[in-house]
Amino acid sequence: MNMPIRAGHDVAMDRWHRFLQDLDACASAPQPLENEGKLVKVAGLVLEAAGVRQPVGAVCEIHSDMRREAAVLAEVVGFTGDRAYLMPTAEVHGLASGARVVPRSLPINPPLLGRPSHPWRRSEDRTRHLPIGSGLLGRVINAEGEPMDRQGPLNLVRSEPLVRRPINAMERDPVRLPLDTGVRAINSMLTVGRGQRIGLFAGSGVGKSVLLGMMARYTQADVIVVGLIGERGREVKEFIEDILGEEGLARSVVVAAPADAPPLTRMQGAAYATAIAEHFRDQGLHVLLLMDSLTRYAMAQREIALAIGEPPATKGYPPSCFAKLPQLVERSGNGLNGHGSITAFYTVLSEGDDQQDPIADAARAILDGHIVLSRELAEAGHFPAIDIERSASRVMHNVADPVHIDASRRFRQLWSRYSKAKDLIQLGAYTPGSDPELDMAVRAHSRMVAMLQQDMHSPATLADSVGQLRDIVQG
């Protein structure tokens with residue numbers, strides 16, 4: 001009768017001994033010392049701390065007896081000797097000289113419930129952790145992972161680092177499959193491949209947000225991640241309610257870091273949106289990443305670099321700005337051996353519609369294609385205002401069949417021929433019959449314009465777009 005009780009007692013004792021052994025091993029293991037520093041200088045956007053020896057990217061808490069609010073979070077962005085330069089993620093009002101600077105050793109957000117954890121172990125990963133998981137679908141969050149939509153706390157998320165190891169280029173599948181974006185001009189003339197990175201180049205007020213909303217609603221993707229980086233706060237709610245809509249939001253995650261956020265927060269918002277897209281891609285899903293805008297990300301890096309003393313190079317942009325762009329962009333694309341994909345659209349603001357802007361020029365070199373929106377077309381009521389002659393998709397020859405490619409090439413020839421003779425036609429100096437090529441371009445021009453225009457509430461499938469393109473060039 002006592003045998004089952006004795007056996008249960010032995011099992012319990014074995015578990016208790018193993019627990020004590022694990023606890024003893026953790027206690028005897030060398031733990032890193034928490035070197036607490038002091039705040040010695042606040043100059044503009046940069047905080048300077050003495051006595052803090054932490055790597056670049058580490059997160060610290062700044063505590064001040066004169067500040068009534070919670071501690072200020074700051075990230076190490078540089079150092080000189082024993083002085084560390086930190087960039088805050090919130091307002092610094094109330095901080096005073098001598099405030100304590102304490103490295104943050106644990107992730108900012110707790111792990112997913114049900115996941116085994118060991119509270120007595122100290123995490124050595126001091127980089128920023130934010131909530132990531134399926135519970136983000138349909139939610140609007142800020143760059144700190146906090147809900148902005150007043151729909152309660154996040155569920156089914158766990159704390160994961162923002163910085164991930166890049167995928168070996170030889171382990172990525174090449175772009176081979178076409179992606180239906182629902183936009184006729186893009187499907188027919190600038191066919192996008194699944195896993196492609198493409199830039200949307202435009203000045204202000206030419207319809208890039210509307211075009212992003214169309215792709216968010218109509219693109220064939222499992223998950224959509226939208227990063228609103230450095231945009232006006234008013235545009236965040238308008239984009240979600242008027243452009244994205246309930247249907248688009250249901251399968252989307254929106255990360256918003258408005259223009260009034262600190263530069264580090266804006267940069268973090270872009271990295272956070274990319275990390276969320278990587279999470280869903282690693283699960284084998286096809287993700288559409290829409291980031292508005294890449295230029296605001298570069299501007300945030302410029303503010304940080306200039307604040308810590310990095311010399312400006314091209315038009316006021318320090319060299320680190322041009323190094324950060326490929327580090328962010330290269331994280332998207334196809335996953336390991338075709339396991340999931342991230343098709344990314346990055347908007348690039350062209351100051352004064354100048355396509356030779358340094359950020360626009362750098363982005364054009366590292367992306368797999370560029371779509372240029374024309375202010376002239378937008379002012380003429382042509383939407384989407386895509387300038388076909390100045391736009392290109394570098395993977396179209398890999399994802400479209402030869403008949404489609406020949407039709408798009410013929411369309412470009414006719415469009416260019418009409419554009420060059422447009423002034424003569426308007427002046428009445430054109431005589432029909434003198435140039436058969438121009439005659440055909442004139443006859444087809446109205447149909448070509450109609451094909452490139454599209455209402456934002458009317459999707460166009462890839463097959464219908466290609467069929468309409470072939471009908472125009474053949475007849």
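This passage walks through the salt bridges, the largest pocket, the aromatic pairs and a few spatial contacts of a predicted model.

A good place to start is with the charged side chains. The structure holds 21 salt bridges. One of them joins Glu48 and Arg83, whose closest N and O atoms are 3.0 Å apart. This pair links distant parts of the chain, with Glu48 in strand β2 (residues 46–50) and Arg83 in strand β5 (residues 83–88), 35 residues apart. The two partners differ in their surroundings: Glu48 is buried, at a relative accessible area of 13%, whereas Arg83 is partly exposed, at 34%.

A salt bridge within a single helix is found further along the chain. Here the side chains of Asp361 and Arg364 meet at 3.3 Å, N to O. Both residues belong to helix α8 (residues 358–366), and because they are 3 residues apart in that helix, about one helical turn separates them. Asp361 is partly exposed, with a relative accessible area of 39%. Arg364, in contrast, counts as buried at 16% relative accessibility, since the limit for buried is under 20%.

A salt bridge between two helices can also be followed in the model. Glu437 pairs with Arg410, and their closest N and O atoms lie 2.6 Å apart. Glu437 is in helix α13 (residues 436–452) and Arg410 is in helix α11 (residues 402–420), so this contact ties together parts that are 27 residues apart in sequence. Both ends of the bridge are partly exposed, Glu437 with a relative accessible area of 29% and Arg410 at 23% relative accessibility. Beyond such pairs, there is also a network: Arg158, Glu160, Arg164, Glu278, Arg281, Asp282 and Arg331 are joined into one by salt bridges that share partners.

Attention now turns to the open space in the model. The largest pocket contains about 1,200 Å³ of space. Its lining is made up of 47 residues, and those nearest the centre are Val163, Ala271, Gln327, Leu328 and Arg331. Arg331 has thus appeared twice, as a member of the salt-bridge network and as one of the residues nearest the centre of the largest pocket. Several elements give two or more residues to this lining, namely β4 (72–80), α5 (263–282), α6 (294–307), α7 (319–329) and β16 (333–334). The most comes from α5, with 7 residues. Sorted by class, the lining has 20 nonpolar, 12 polar and 15 charged residues. Where does the largest pocket lie with respect to domain 1 and domain 2? It lies between them, because domain 1 (37–103) and domain 2 (131–397) both give residues to its lining.

The aromatic side chains come next. In the whole structure, 2 aromatic pairs are found. One is formed by Phe411 and Trp415, which are stacked, with 6.2 Å from centre to centre and 10 degrees between the planes. The angle fits that label because planes under 30 degrees apart count as stacked. Phe411 and Trp415 are 4 residues apart in helix α11, so about one helical turn separates them. Both are buried: Phe411 has a relative accessible area of 0%, and Trp415 has 11% relative accessibility.

Helix α11 also holds Tyr418. At 14% relative accessibility, Tyr418 counts as buried. Its C-alpha is 9.6 Å from that of Ala444, a residue 26 positions away in sequence.

Two loop residues complete the picture. Met66 sits in the loop between β3 (59–63) and β4, and β4 is among the elements that line the largest pocket. Met66 counts as exposed, at 64% relative accessibility. In space, Met66 and His93 are 9.7 Å apart, C-alpha to C-alpha, with their positions 27 residues apart in sequence. Pro147 is found in the loop between β8 (139–142) and β9 (158–161). With a relative accessible area of 35%, Pro147 is partly exposed. Pro147 and Val255 are 108 residues apart in sequence, and their C-alpha atoms are 9.5 Å apart in space.

Definitions and conventions. Residues numbered from 1 in each chain as written. Predicted model: local features only at pLDDT ≥ 70, side-chain atom pairs only at ≥ 80, totals over all residues. Heavy atoms only, no water. Salt bridge = Lys/Arg side-chain N within 4 Å of Asp/Glu carboxyl O. Buried < 20%, exposed > 50% of the residue type's maximum accessible area, 1.4 Å probe, protein only. 1 Å grid on protein atoms, 1.4 Å probe; cavity = no way out; pocket = protein on both sides within 12 Å on 5 of 7 lines; lining within 4 Å. Points joined across faces, edges and corners; volume = space filled by probe spheres on them. Nonpolar A, V, L, I, M, F, W, Y, C, P; charged D, E, K, R; others polar. Domains from an automatic or database assignment. Phe/Tyr/Trp six-rings, centres within 6.5 Å; stacked < 30°, edge-to-face > 60°.
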